Amino acid sequence: MTATTVLELADVTLNFSGVRSLDGVSLDVREGEVFGIIGPNGAGKSSLFNCVSGVYRPQQGSIRHRCREIRGARPDRINALGIGRTFQNVESFPTMTVLDSVLLGRISKQRVGVLRGMLWYGWAAREERESRAKAEEVLEMFGLGALRDTRVGELPGGTQRQVELCRALAAEPDVLLLDEPVAGMTHDEVESMVSAILDANERLGLTVVLIEHNMGVVMDICDRIAVLDFGRLVAVGTPAEIGANPDVLAAYLGSGAQADGA
Amino acid sequence: MASVVNAPPGEGVVAGPGPARSGWTSRAAHIIVIVALLAVPLVSTPQWQAIAVFAAVSAIAALGLHVLTGLAGQVSLGHSAFVAAGGYTAIWLGADKGLPIWVWLPTAGLVSAAVGLLVVPFAARLRGLYLAVVTLAVLFVAEYLWDLWDGVTGGSKGRAAQPVVLFGHDLLDDVIAGPFMLTGDQQFFYLACAVLAVAAIAARNLSRTRTGRGFAAIRDRDLTAGVVGVPVARMKSAAFAVAAGYAGIAGALLVSYQTYAIPDQWDLMLSVEYLAMIIIGGVGSLRGAIAGAVFVTAIPQVVTLIAKVVPGISTTPSAGGGVSVDVLANCLYGLAVVAVLVFEPRGVAGISERVVAAVRRKGRSHA
Ligand SMILES: Nc1ncnc2c1ncn2[C@@H]1O[C@H](COP(=O)(O)OP(=O)(O)O)[C@@H](O)[C@H]1O
Ligand SMILES: [Mg+2]
């Protein structure tokens with residue numbers, strides 16, 4: 001294991017007025033791997049993503065992306081560094097069209113500012129064309145091209161999740177944080193989402209961090225898995241190691257939560 | 001796929017002879033409508049000419065609010081303060097320093113935009129109602145300032161404003177060439193329309209590019225917007241600066257057309273009028289903002305006309321008995337705002353879209 005570390009969390013601790021949602025979490029995510037995070041509800045998985053993407057600022061610890069400290073940085077800066085994410089409860093822009101949502105995801109790659117954009121559309125046209133081409137390319141991963149002019153709010157939940165992933169991919173990130181990407185999806189949707197994730201990982205070379213309750217999916221596609229419980233890291237290892245770890249079983253049974261929800 | 005990728009943004013992806021033809025006819029229809037509107041002041045009474053000028057100038061300010069509220073979702077009750085900032089900048093440069101319109105008009109926009117950036121430290125932290133209250137405070141501070149700063153504003157009595165002089169000709173002087181005559185109002189109207197056209201094209205360009213999508217994102221979900229990559233604070237600043245800039249340019253034209261400015265005119269009521277314009281027109285619609293400006297500006301005159309035939313409306317404020325025109329006009333546009341919010345939140349823009357769609361359907365069924 002000599003691969004470079006893309007994300008490095010050290011002793012990350014996050015409190016909410018007395019509630020400790022992350023308690024000294026340290027872990028490394030390596031270049032090019034699919035890294036799973038599992039744990040019962042309320043274990044702090046989403047909070048971890050929120051810390052990495054700049055939504056929450058942990059009180060303690062350090063978060064490094066390719067050796068650069070990003071703890072407490074602004075979300076848009078973190079996005080521009082190449083960390084894209086999706087949300088557990090889909091955060092789509094319902095009045096935007098599918099195409100506009102995906103183009104929006106490219107904003108950190110675009111440069112035309114307010115004045116140049118206002119004074120002459122020609123200045124923005126080239127950038128818009130490039131972004132448009134990228135957006136179409138990403139939409140094709142899910143065969144969503146035909147829906148480009150549909151408003152996102154009119155789409156079923158599963159499709160909105162796909163659009164959200166497209167939005168994240170449009171920024172050409174190098175790390176993708178996916179918070180329960182197949183939750184609430186039909187069997188077919190799960191398959192297309194999983195193949196898109198693997199495609200992003202293998203073909204585009206993205207490092208993927210994946211929170212998921214669907215143990216079938218997690219065991220199938222993750223190279224390594226971390227287990228969180230009550231904000232603490234219980235174990236990290238390959239799917240085989242995690243499956244055989246008695247602490248993991250205890251965490252799940254002890255919390256009384258179901259390991260395989262969806 | 002390649003042709004789709006190369007299609008300019010904003011253009012429908014569906015191609016083919018059918019839609020292309022309807023695109024052409026709709027463009028022709030647009031041109032006809034615009035030319036007809038431009039011709040209105042040529043055939044109307046002086047009162048209506050004045051209203052046309054005020055409507056065109058207000059539309060510029062309303063477009064600013066359209067960018068701020070319609071596109072970026074930030075509510076402002078302080079818009080009239082920025083109109084005033086532009087107006088006084090223009091008066092100072094044009095009347096006191098004797099500089100030409102090429103200087104005072106753009107500078108009024110820039111100075112007002114810079115003043116708009118003063119709101120930004122608050123705008124970045126606050127949203128919704130709290131932000132509205134801060135913009136209200138800005139308005140009150142500004143009103144106080146206009147009263148106090150009488151060197152520029154003339155104090156509570158007000159002062160004369162700068163004329164528009166183009167190539168040595170004062171725009172408010174009538175031009176007579178043989179049998180043809182162009183009144184000062186008509187000339188000013190065309191100047192205002194030219195500025196409005198530039199303002200409208202700029203606002204449309206903005207909504208079609210990076211900034212426009214960023215605005216839409218902070219309007220709909222400003223927490224998520226950051227994660228998606230939108231520099232939220234910077235986008236809000238941009239929205240306030242652009243809105244104030246538009247307001248400033250409108251203010252410069254407004255005081256010049258009035259030929260004077262008094263501090264009392266930049267009050268909360270004026271801010272509310274601009275809000276009413278974009279709400280009646282349909283929040284988020286550029287054309288709606290312009291239509292709303294025309295509607296709100298024209299209402300007092302319409303009521304005056306009605307007063308001549310309907311008894312019980314007094315045309316002078318002091319005359320006893322009946323409702324005054326001002327009160328009735330305010331009631332009417334208040335009612336229009338409520339009606340739009342309740343029945344058609346997309347305003348005049350939404351209604352006209354429906355009418356056009358209905359006409360199309362009818363045309364097709366006859367064909
Ligand atoms: N914004 C917040 N305010 C207060 N408590 C929060 C907030 N976000 C998360 N928490 C708390 O942190 C803990 C972990 O939540 P979360 O990260 O959503 O868990 P998971 O995603 O593993 O289900 C929970 O106890 C939750 O109540
Ligand atoms: Mg969660």
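An oxygen atom of ligand 1 lies 3.0 Å from a polar backbone atom of Gly44(A). This is a polar contact, that is, a pair of N or O atoms within 3.5 Å; within protein, one must be able to donate a hydrogen and the other to accept it, and residues adjacent in sequence count only if both atoms are side-chain atoms. The table lists this contact with two others of ligand 1.

| Residue | Its atom | Partner | Distance |
|---|---|---|---|
| Gly44(A) | polar backbone atom | oxygen atom of ligand 1 | 3.0 Å |
| Lys45(A) | polar backbone atom | oxygen atom of ligand 1 | 2.8 Å |
| Ser46(A) | polar side-chain atom | oxygen atom of ligand 1 | 2.8 Å |

On its own, ligand 1 exposes 560 Å², of which the protein buries 64%; accessible areas come from the Shrake-Rupley method with a 1.4 Å probe, and for residues only the protein chains shown count as cover.

This is a predicted model, in which local features need pLDDT of at least 70 and side-chain atom pairs count only at pLDDT 80 or more, while totals for chains, interfaces and linings use all residues. Residues are numbered from 1 along each chain as its sequence is written, chains are lettered from A and ligands numbered from 1 in the order in which they are written, and side-chain values use heavy atoms, with hydrogens and water left out.

The residues around ligand 1 include Phe16(A), Pro40(A), Tyr56(A) and Gln88(A); a residue counts here if one of its heavy atoms lies within 4 Å of the ligand. Helix α1 (residues 45-52) of chain A gives the most to this shell, three residues. Helices (H or I, at least four residues) and strands (E, at least two) are DSSP runs, numbered from the N terminus.

Chain A and chain B also meet. The contact (heavy atoms within 4.5 Å) takes 40 residues from chain A and 35 residues from chain B. About 3,100 Å² is buried between the two chains, 62% of it on carbon and sulfur atoms; buried area is the accessible area (1.4 Å probe) that two parts lose on being put together, summed over both.

Two salt bridges cross this interface, a salt bridge being a side-chain nitrogen of Lys or Arg within 4 Å of a carboxyl oxygen of Asp or Glu. Arg221(B) forms a salt bridge with Glu91(A), with the closest N and O atoms 2.6 Å apart. Twelve residue pairs across the interface are in polar contact (both at pLDDT 80 or more).

Over all chains, the structure holds 21 salt bridges.
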